[in-house]
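Visitor: I have a new model open and would like to walk through it with you. Where shall we start?

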Amino acid sequence: MAGNFYKVQCPDCDNEQTVFGKAATEVACAVCGATLARPTGGDAEFEGEVIETVERRSASSRTDSDETVEAQ
Ligand SMILES: [Zn+2]
């Protein structure tokens, strides 16, 4: 079963960082080093605000904007 990813906003510097929902280790902000998520044994506990849930899904399903791009 694949877990989700969450976009978490750092409470200190507003950096938005994607964090695995079942992070097994503490996740620190890449910018200021503040703790963004702590492992709990199940779903991680987020310190910052979760602004978006990112489902684990391949990004290759975007074909709508692929309109008639042909080699000339
Ligand atoms: Zn930060």
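Guide: Let's begin with a working rule: two strands pair if DSSP finds at least two bridges between them. Keep in mind, too, that this is a predicted model.

Visitor: Good. How many helices and how many strands are there in the protein chain?

Guide: From the N terminus on, the elements run β-β-β-β-β-β. The count for the protein chain is therefore zero helices and six strands.

Visitor: In what order do the three strands of the open sheet lie?

Guide: S1 and S2 run antiparallel and are joined by five bridges. S1 (residues 5–9) also pairs with S6 in the antiparallel sense, again over five bridges. Three strands thus form an open sheet with antiparallel pairing, and the order is S2-S1-S6.

Visitor: Why is one side of S2 and of S6 left without a neighbour in the sheet?

Guide: Strands of a sheet pair through backbone hydrogen bonds, either parallel or antiparallel. Here S2 (16–20) and S6 (49–54) have one side without a neighbour because they stand at the edges, each with a single partner strand. From one strand to the next, the twist averages 30°.

Visitor: Which residue in S2 is the bridge partner of Tyr 6?

Guide: Let's place some pairs on the S6 side before that one. Phe 5 has Val 54 as its bridge partner in S6, and Val 8 stands opposite Val 50 in S6. In S2, the bridge partner of Tyr 6 is Val 19.

Visitor: Which residue takes a positive phi in the hairpin of S1 and S2?

Guide: This hairpin has six residues between the strands. The positive phi, near 70°, belongs to Asp 14.

Visitor: Which residues make up the covered face of S1?

Guide: Phe 5, Lys 7 and Gln 9 form the uncovered face of S1. The covered face consists of Tyr 6 and Val 8.

Visitor: Which elements give two or more residues to the largest nonpolar core?

Guide: That core has 10 residues, among them Tyr 6, Val 8, Val 19, Leu 36 and Ala 37. Tyr 6 and Val 8 are also the covered face of S1. The elements that give two or more residues are S1 and strand S4 (35–38).

Visitor: Cys 29 is in that core as well. Leaving aside its neighbours within four places in sequence, which residues is Cys 29 in contact with?

Guide: Two of these contacts, Cys 10 and Leu 36, are listed in the core too. With those neighbours set aside, the full list for Cys 29 is Cys 10, Asp 12, Cys 13, Asn 15, Gln 17, Ala 34 and Leu 36.

Note on methods
Residues are numbered from 1 along each chain as its sequence is written. This is a predicted model: local features need pLDDT of at least 70, side-chain atom pairs count only at pLDDT 80 or more; totals for chains, interfaces and linings use all residues. Helices (H or I, at least four residues) and strands (E, at least two) are DSSP runs, numbered from the N terminus. Axes are lines fitted to C-alpha atoms, for helices over the stretch in contact, and angles run from 0 to 180 degrees between N-to-C directions. A nonpolar core is a set of buried Ala, Val, Leu, Ile, Met, Phe, Trp, Tyr and Cys residues joined through C-beta atoms within 7 Å. A residue is buried if 20 or more other C-beta atoms lie within 10 Å of its own, exposed if 12 or fewer, and partly exposed in between; C-beta atoms are placed from the backbone. Two residues are in contact if their C-beta atoms, placed from the backbone, lie within 7 Å.
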